Amino acid sequence: MSRSASVLLSFVLDAALVVTFAAVGRASHDSDVWTGLAITAWPFLAALVLGWLVARAWRAPRVVARTGLPVWAVTLAGGMLLRVVSSQGIAVSFVIVAGIVLAVFLLGWRLIALFVQRALTRRRAA
């Protein structure tokens, strides 16, 4: 896979996981996931883009500490801030749950990729 394809795939995966987070949240509170999904997801998607810019994620999109942590932190904090300024509101419990779920999603796939890469490297060396 080319470097640019890897970067694009990493961003698309992050974005898909953020939308999944919003959809699961809507499903747990509303009967219709699709109605209003864009309204729920946009603050976190916008913050995700900002997180990618802050972390310069395109340089090492799969690295957990250098890329994943700042992308997660900016996505969480920025998403909450954008929810507040767009009158969507937040609650402490929502911030906690969002922090945990986004960490599992945005850091989790990077950890899995790291373990897979290490396993493949060991297999090639053997």
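Which residues have the most contacts inside the largest nonpolar core? In this predicted model, they are V18, F44, L48, W52, V71 and L102, within a core of 15 residues. The points below describe that core and a second one, then turn to a salt bridge, a polar contact and a surface patch.

**Nonpolar cores**

- The largest core draws on four helices, since α1 (3–29), α2, α3 (64–85) and α4 (92–125) each supply at least two of its residues.
- A second core, separate from the largest one, consists of 5 residues, and A22, A23, V33 and L37 are among them.
- F44, which is one of the residues with the most contacts inside the largest core, is in contact with V18, F21, T75, L76, G79, M80, R83, F94 and L102 when its neighbours within four places in sequence are left aside.
- In soluble globular proteins, nonpolar side chains tend to be buried together.

**Salt bridge between D14 and R110**

- A search of the whole structure finds 1 salt bridge, and it is formed by D14 and R110, whose closest N and O atoms are 2.7 Å apart.
- The pair links distant parts of the chain, with D14 placed in helix α1 and R110 placed in helix α4, 96 residues apart.
- D14 counts as buried because its relative accessible area is 0%, which is under the 20% cut-off.
- R110 likewise counts as buried, because its relative accessibility is 0% and the cut-off is again under 20%.

**Surroundings of T40**

- T40 is found in helix α2, which spans residues 37–55.
- With a relative accessible area of 15%, T40 falls under the 20% limit and is therefore classed as buried.
- The side chain of T40 is joined to that of R26 by a polar contact of 3.0 Å.
- Not counting residues up to four places away in sequence, T40 touches A22, R26, R83 and Q88; of these, A22 also belongs to the second core, while R83 is also in contact with F44.

**Nonpolar surface patch**

- V49, L50, L53, V54 and W58 make a nonpolar patch of about 460 Å² on the surface.
- V54, one of the residues of this patch, is found in helix α2, the helix in which T40 is also found.
- V54 is classed as exposed because its relative accessible area of 52% is over the 50% cut-off.

Key: Residues are numbered from 1 along each chain as its sequence is written. This is a predicted model: local features need pLDDT of at least 70, side-chain atom pairs count only at pLDDT 80 or more; totals for chains, interfaces and linings use all residues. Side-chain values use heavy atoms; hydrogens and water are left out. Buried means under 20% relative accessible area, exposed over 50%, partly exposed in between (1.4 Å probe, protein chains only). A polar contact is a pair of N or O atoms within 3.5 Å; within protein, one must be able to donate a hydrogen and the other to accept it, and residues adjacent in sequence count only if both atoms are side-chain atoms. Contact means heavy atoms within 4.5 Å. Patches are made of residues with over 30% relative accessible area and no salt bridge: like charges are joined within 9 Å, nonpolar side chains (Val, Leu, Ile, Met, Phe, Trp, Tyr) within 5 Å. Accessible areas come from the Shrake-Rupley method with a 1.4 Å probe; for residues, only the protein chains shown count as cover. A salt bridge is a side-chain nitrogen of Lys or Arg within 4 Å of a carboxyl oxygen of Asp or Glu. A nonpolar core is a set of buried Ala, Val, Leu, Ile, Met, Phe, Trp, Tyr and Cys residues joined through side-chain atoms within 4.5 Å.
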